[in-house]
2 protein chains.
Amino acid sequence: MKHDIDIEVSEVGPRDGLQSIKTIMPTEDKKAWVSALAAAGMPEIEVGSFVSPKLLPQMADTAEIVAHALTIPGLAVAVLVPNVRGGKAAIEAGAHKITIPLSCSETHSVRNVNRTHEQMYEEVRGIVAMIKDLPADKRPVLEGGLSTAFGCTLEGEVPERKVVEVAEKLMEAGCDEVGISDTTGFGNPATVKSLIRKVQAAVGKEACTGIHLHNTRGLGLANALAAMEEGITTIDSSMGGIGGCPTAPGASGNIVTEDLVFMLDSMGLKTGIDFDKMFEARRVVQAALPDEPLYGFTPDAGIPLGYKPFKAVA
Amino acid sequence: MKHDIDIEVSEVGPRDGLQSIKTIMPTEDKKAWVSALAAAGMPEIEVGSFVSPKLLPQMADTAEIVAHALTIPGLAVAVLVPNVRGGKAAIEAGAHKITIPLSCSETHSVRNVNRTHEQMYEEVRGIVAMIKDLPADKRPVLEGGLSTAFGCTLEGEVPERKVVEVAEKLMEAGCDEVGISDTTGFGNPATVKSLIRKVQAAVGKEACTGIHLHNTRGLGLANALAAMEEGITTIDSSMGGIGGCPTAPGASGNIVTEDLVFMLDSMGLKTGIDFDKMFEARRVVQAALPDEPLYGFTPDAGIPLGYKPFKAVA
């Protein structure tokens with residue numbers, strides 16, 4: 001993380017947002033969006049995923065988007081991969097960070113990527129081997145994503161000890177860090193805090209610094225606040241909350257970047273992100289996806305009159 | 001507060017929600033809504049305000065709604081009043097709790113109710129005198145509402161010391177308690193915590209237990225969480241978040257009861273509220289206000305599969 005920011009907002013809209021909608025954003029628009037996000041000061045962007053274009057045609061141009069993003073100085077370029085094949089493509093593309101998600105609910109893992117947990121650890125080991133072959137200064141960070149960490153739409157409850165076990169095994173398999181992911185929006189501030197504590201106790205605080213939240217039941221920012229109170233310093237979010245279910249406005253998208261950034265900045269936490277340029281980036285998305293609803297309250301309400309970030313006074 | 005709940009949700013939809021929309025909800029629908037809310041276990045409902053029906057025709061039937069609400073066993077019946085005249089009507093109606101809001105921004109106070117702070121304290125003293133004339137067991141609780149506590153759309157910043165001063169003067173004037181109100185949605189978790197601490201330090205913790213939040217910039221539930229962490233035990237909210245600005249969905253309504261109750265319950269905090277009956281009450285509002293948008297994510301997403309409230313395990 002950059003030394004001059006307190007909380008790192010990791011924009012996942014170009015990956016999680018775009019893979020969740022039917023419209024395929026044209027490559028040039030994706031590049032413009034990534035550039036606008038970076039110009040606003042976004043420190044990290046998950047620009048796509050290396051998956052089969054048959055499964056997710058929205059992500060077919062990921063290598064080209066990575067190449068574009070790598071031309072932007074100072075930007076951390078992240079991608080998601082489901083397996084060794086994707087990991088190889090991500091390494092070849094030169095991504096700075098690779099996330100391989102593993103569903104803590106094994107039922108979900110099998111249903112979603114047709115892999116048991118053991119098979120997934122094998123994929124991780126395969127990627128780790130490739131990374132170790134690289135020169136030290138070319139090695140991407142490998143994050144294991146603890147998906148469905150707060151519950152699963154197939155299995156229901158996912159016990160904390162299962163999530164801790166998966167975290168430990170991902171670290172044993174060679175991940176640099178693990179990220180807790182509320183894929184299903186089942187989390188609440190109490191479970192968020194409790195799980196972070198347990199995972200950090202198992203793998204170390206420095207190996208569990210990020211969280212990925214959805215706003216499924218409106219608790220997204222409260223969960224983000226709870227996570228920060230437990231020492232989380234990287235928070236995923238999606239511009240305009242894109243990827244939400246169109247029939248239930250806002251119901252299942254990621255937490256909204258614009259509102260998250262307003263919350264952090266107003267609390268006096270440095271994000272490195274400029275409000276006006278962030279709203280400009282939103283207009284880029286709006287123009288590229290005219291038929292997709294964009295969420296978030298801050299863009300409509302605007303920045304408060306006489307706005308100043310919080311600064312504690314006696 | 002009832003002894004068997006941890007956090008008291010105070011439903012303000014019939015007052016703050018309905019006074020913010022043009023549609024006038026018919027009296028019988030209001031009664032049905034209040035009954036449905038009480039049936040769901042809502043411990044306290046602000047059922048209306050005693051204001052001039054010329055100014056707010058939506059509130060003209062408040063006395064009748066209070067009378068209806070008082071027939072429901074165990075329900076705390078709250079109303080809002082702007083002055084002595086309203087206070088008299090509220091006392092005559094038999095409300096259990098009376099809130100008189102005072103805008104901490106004097107500009108806003110003058111513009112909104114044509115009263116300086118000194119004039120408002122005089123109104124409070126007038127109400128206190130009437131309450132003292134009542135037999136001890138008939139006296140309503142009098143709350144001073146610290147409006148625009150986090151900033152004002154006219155003045156911008158409202159200094160913490162001004163809010164503390166208003167809180168102290170309201171208590172000196174005879175209020176039983178003060179409630180912090182983010183009328184304009186300018187608050188964030190850091191300012192919420194800081195202001196609660198300062199007001200509680202000035203007037204005592206037991207005299208500052210409630211908060212009134214808006215979701216103007218999407219931070220409503222995060223602010224509620226922050227408030228609870230500082231010992232706040234009564235949180236206002238509005239079913240369906242009604243009262244939001246129709247041109248900017250969700251942009252200025254109160255925090256949404258349904259999502260707040262889900263957050264609290266899922267955290268393992270007892271609210272006394274039943275989810276299914278709460279959703280039934282929402283359908284009553286929906287039927288009575290077919291043209292008003294209702295907000296909230298939990299009603300669309302539903303309660304998670306295998307749902308259990310949080311319970312800390314080692």
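Two strands are said to pair if DSSP finds at least two bridges between them. The exercises below apply this criterion, among others, to a predicted model.

**Exercise 1.** Determine how E5(B) and E6(B) pair, and follow the chain from one to the other.

*Solution.* Begin with the bridges: E5(B) and E6(B) are joined over four of them, in the parallel sense, and the criterion of at least two bridges is therefore met. Next, locate one point of register, where Gly144(B) stands opposite Val178(B) in E6(B). Finally, trace the connection, in which the chain leaves E5(B), passes through H7(B) and arrives at E6(B), giving a β-α-β crossover that is right-handed.

**Exercise 2.** Continue to E7(B), and state which residue of E7(B) is the bridge partner of Gly179(B).

*Solution.* E6(B) and strand E7 (residues 210-212) of chain B pair in the parallel sense over three bridges. Within this pairing, the bridge partner of Gly179(B) is Gly210(B). The chain reaches E7(B) from E6(B) by way of H8(B), and this β-α-β crossover is right-handed.

**Exercise 3.** Decide whether the residues of E6(B) are buried or exposed, and sort them by the direction in which they point.

*Solution.* The general expectation is that side chains of a regular strand alternate between the two faces of the sheet. In E6(B), Glu177(B), Gly179(B) and Ser181(B) point one way, while Val178(B) and Ile180(B) point the other way, and all are buried. Because five of the five residues of E6(B) are buried, the strand is largely enclosed by the rest of the structure.

**Exercise 4.** Describe how H7(B) packs, on the strands as well as on H8(B).

*Solution.* On the strand side, H7(B) lies across E4, strand E5 (141-147) and strand E6 (177-181) of chain B, and runs at about 160 degrees to E5(B). Turning to the neighbouring element, the axes of helix H7 (residues 160-172) of chain B and H8(B) come within 9 Å and cross at roughly 35 degrees, and the crossing is right-handed. From H7(B), the contributors to the contact include Val163(B), Val164(B), Ala167(B) and Met171(B), and from H8(B) they include Leu195(B), Val199(B), Ala202(B) and Val203(B). By class, the residues of this contact comprise eight nonpolar, one polar and three charged.

**Exercise 5.** State in which order the strands of each chain close into a barrel.

*Solution.* In chain B, a closed barrel of eight strands runs E1-E2-E3-E4-E5-E6-E7-E8, with parallel pairing, and the twist from one strand to the next averages 30 degrees. In chain A, eight strands close in the order E1-E2-E3-E4-E5-E6-E7-E8, again with parallel pairing. One pairing from chain A serves as an example: three bridges join strand E7 (residues 210-212) to strand E8 (residues 234-237), which run parallel, with His212(A) opposite Asp236(A) in E8(A). A helix of chain A can be placed against its strands as well, since helix H6 (residues 117-132) lies across strand E4 (97-103) and strand E5 (141-147), running at about 170 degrees to E4(A).

**Exercise 6.** Find how many residues each chain brings to the contact between chains A and B, and characterise the side of chain B.

*Solution.* The contact takes 41 residues from chain B and 41 residues from chain A. On chain B, helix H8 (189-203), helix H9 (220-229), helix H10 (257-266) and helix H12 (298-301) each supply at least two residues of the side that touches chain A. That side has 20 nonpolar, 16 polar and five charged residues.

Key. Residues are numbered from 1 along each chain as its sequence is written. Chains are lettered from A and ligands numbered from 1 in the order in which they are written. This is a predicted model: local features need pLDDT of at least 70, side-chain atom pairs count only at pLDDT 80 or more; totals for chains, interfaces and linings use all residues. Two residues are in contact if their C-beta atoms, placed from the backbone, lie within 7 Å. Helices (H or I, at least four residues) and strands (E, at least two) are DSSP runs, numbered from the N terminus. Ala, Val, Leu, Ile, Met, Phe, Trp, Tyr, Cys and Pro count as nonpolar, Asp, Glu, Lys and Arg as charged, and the others, Gly among them, as polar. Axes are lines fitted to C-alpha atoms, for helices over the stretch in contact, and angles run from 0 to 180 degrees between N-to-C directions. A crossing is left-handed if the near helix is turned anticlockwise from the far one by less than a right angle, and right-handed if clockwise. A residue is buried if 20 or more other C-beta atoms lie within 10 Å of its own, exposed if 12 or fewer, and partly exposed in between; C-beta atoms are placed from the backbone. A crossover is right-handed if, with the strands pointing away from the viewer, the path from the first strand over the helix to the second runs clockwise.
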